[in-house]
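Me: Please take a close look at a single part of this model, one helix and what it packs against. Then place that part beside a few other features, in plain terms for someone in their first year.

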Amino acid sequence: MPVKVLLPNAFQKHTNGTREIQSTASNLPQLIEEIETTFPSLRPHLRDESGQVRRFINFYVNDEDIRFLGNENYAFQDGDEVLVIPSIAGGCSPQLQTHFALPAAQPGAPGLSTGPEPDVAQ
Amino acid sequence: MATSYGLQCRECGKRYDNAPLSICDECFSPLEVVCDLEAARRNFTREAIAAGPSSMWRYQALLPVPDDYKPVTPAGWTPLLPAPRLAERIGAANLYIKNDAVCLPTLSFKDRVVAVALANAQAFGFETVGCSSTGNLANAVAAQAARQGLKTYILVPADLEPAKILNTQVYGARLVRVDGNYDHVNRLCSQIAERYNWGFVNVNLRPYYAEGSKTVGFEIAEQLGWRLPDNVVVPMAGGALIVKIRKAFKELVALGLVEDKPVRFFGAQATGCSPISTAVKTGADHIEPQRPATIARSLAIGNPADGVYAARAIRESGGWAEDVSDVELVSGILELAETEGIFTETAGGVATAVTARLYADGRIHRDELTVLCITGNGLKTTDALAGAYEQQAAIRPRLADFEAFIEEGSQKEEALAVGGSHAR
């Protein structure tokens, strides 16, 4: 039951230029793990210090934002096309973050407040 | 002469040289422009600005454009108007309107961001530019690209207001209507920008584009006599404008052009598409995307690119976000037109209605100096007012008919007044 996964240009530095993969993952958490297994050097870029998938990475299934389809509960269908797009928008549901937290992750929210001030020129 | 500037990741802080790039390759977060304020200190003075052109380019020293850039469009420098009659209606005493309904050349604040984006498109050598748009951006890109001799592809949701479609096509732009909402269009543009060597103003040129919004903040401060207001009310679609007005104020404070003081930022959305106001109200540090369902199409972005930053800017400033129904936003359009003679589009109706709500709820106090940002022109969304006015029967060209018409009108007014007093 393969699904086609299209990776963004921003990933290519970490995927040896691979833009597209076939996956047999049945849901989003599995797909992310599979991407990380296939491209180990992508892993530290895909997750933040606490092991959670970075908030600016968006997943779309066919034409729809996966968050409208049930997020990590959505079961991939044969022939689905999954599109990974970073930085279109700033969203990652709390459920998704929790679900993707690695067992070894340090506790503590990766809240926005920990990042550098976004709107002040340094 | 423009100062030095570059790109920086908004999350991990990684620096990048200037390039058509909007995503950090380390953490996949958005990039933004940072200007070297120290380098700008010499050129960015009140005197130098006053001697500059009557357009947003008077602030060129803090805009990310090449040193030798010669502006081709006089965007910006729109009126900041006292609004006493609207103020009286909504219980305010010190209200101003920043009126970008008359921003040139295409009557919305998007002319500012496009001016900066296309300056960079040319610097990067793009011959074709494009954008995803809810309408105003489409108009602005089409017009300014025509003036700069660039080829243009513009992608819009298929159900966009006819006036905004016509106001794009008239400039010779290739318009692509997409069967979907803005978020679908925006996602498609992200893919196109990766495939084609085009400058997409709100995709790969986004960091530069967004800086253009700072000029709204620079102008508000200068037009208030180089001081900051107490409050700013800003309509929110992608959320960049409110963030950049705040950035502008901080830059002015850093350069000593205005005295530092707390400014509270208030965001306005339509309830039918309110992902940012929802985040502010619930205290969330993330944005839950929504499927837009509002006539305020220029604000109908369900997955706003700067949503988290807008929500954070509002919260940090001690402000608030509010959203209003489509019925309320239409009332907002009418109220602004009837009291101040400014005809705004649906987004301005949202901002006006939200401002009224903020005063009514006591979130903004009567005497505080408050600036309401009107970002677009009502002539583009006249369909929002379809059915708002009865078509009067024509009279014959005779004085007697005119007098009868006046008499009938005063009788109606009396009847309304009597009805009103009974109701009380």
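Reply: One helix and its surroundings

Of the 122 residues of chain A, 35% count as buried (20 or more other C-beta atoms, placed from the backbone, within 10 Å of a residue's own; exposed is 12 or fewer, partly exposed in between). This is a predicted model, in which local features need pLDDT of at least 70, side-chain atom pairs count only at pLDDT 80 or more, and totals for chains, interfaces and linings use all residues. Residues are numbered from 1 along each chain as its sequence is written, while chains are lettered from A and ligands numbered from 1 in the order in which they are written.

Chain A has four helices and five strands (DSSP runs numbered from the N terminus: H or I of at least four residues, E of at least two). Read from the N terminus, the order of these elements in chain A is β-α-β-α-α-β-β-β-α. Among the contacts of chain A between residues at least 6 apart in sequence, 63% join residues at least 24 apart (contact: backbone-placed C-beta atoms within 7 Å).

The part for the close look is helix α4 of chain B, residues 110-123. Helix α4(B) has 14 residues and reaches 20 Å from its first C-alpha to its last, close to the 20 Å expected at 1.5 Å a residue (1.5 Å times one less than the number of residues). Most of α4(B) is covered, with 12 of its 14 residues buried. Those buried residues form a run in the sequence: B:K110, B:D111, B:R112, B:V113, B:V114, B:A115, B:V116, B:A117, B:L118, B:A119, B:N120 and B:A121.

What do the buried residues of α4(B) pack against? Two of the partners are strands of chain B, β6 (128-132) and β9 (199-200). The others are helices of chain B, namely α5 (136-148), α8 (206-211) and α9 (214-223). After α4(B) comes B:G125, whose phi is positive, near 85°.

The partner α5(B) can be followed residue by residue. The two helices α4(B) and α5(B) pack at an angle of about 45°, and their axes are 9 Å apart (lines fitted to C-alpha atoms over the stretch in contact, with angles from 0 to 180 degrees between N-to-C directions). That angle makes α4(B) oblique to α5(B) (not under 35 degrees, roughly parallel; over 145, roughly antiparallel; or 65 to 115, roughly perpendicular). The crossing of α4(B) past α5(B) is right-handed (near helix turned clockwise from the far one by less than a right angle; anticlockwise is left-handed). On the α4(B) side the contact uses B:K110, B:D111, B:V114, B:A115, B:L118 and B:Q122. On the α5(B) side it uses B:N136, B:L137, B:A140, B:V141, B:Q144, B:A145 and B:Q148. Sorted by class, the residues of this contact are seven nonpolar, four polar and two charged (nonpolar: Ala, Val, Leu, Ile, Met, Phe, Trp, Tyr, Cys, Pro; charged: Asp, Glu, Lys, Arg; polar: the others, including Gly).

Another pair in chain B can be set beside it. Helix α11 (residues 275-282) and helix α12 (residues 307-317) of chain B pack at an angle of about 45°, with their axes 9 Å apart. That makes α11(B) oblique to α12(B), and the crossing is right-handed. Here B:P275, B:I276, B:A279 and B:V280 of α11(B) meet B:G307, B:A310, B:A311, B:I314 and B:R315 of α12(B). The classes in this contact are seven nonpolar, one polar and one charged. In the loop between α11 and α12 of chain B lies B:D285, which is partly exposed because 17 other C-beta atoms lie within 10 Å. B:D285 and B:Y309 are 24 residues apart in sequence and 9.2 Å apart in space, C-alpha to C-alpha.

Helix α7 of chain B, residues 182-195, also has 14 residues, and its end C-alpha atoms are 20 Å apart, which agrees with the expected 20 Å. Its buried residues include B:Y182, B:H184 and B:C189. They pack against strands of both chains: β3 (57-61) and β5 (81-86) of chain A, together with β6, β7 (151-157), β8 (174-178) and β9 of chain B.

Back toward α4(B), B:P105 lies in the loop between β5 (95-99) and α4 of chain B. A cis peptide bond, with omega about 5°, joins B:L104 and B:P105. Most peptide bonds are trans, and most residues other than glycine have a negative phi.
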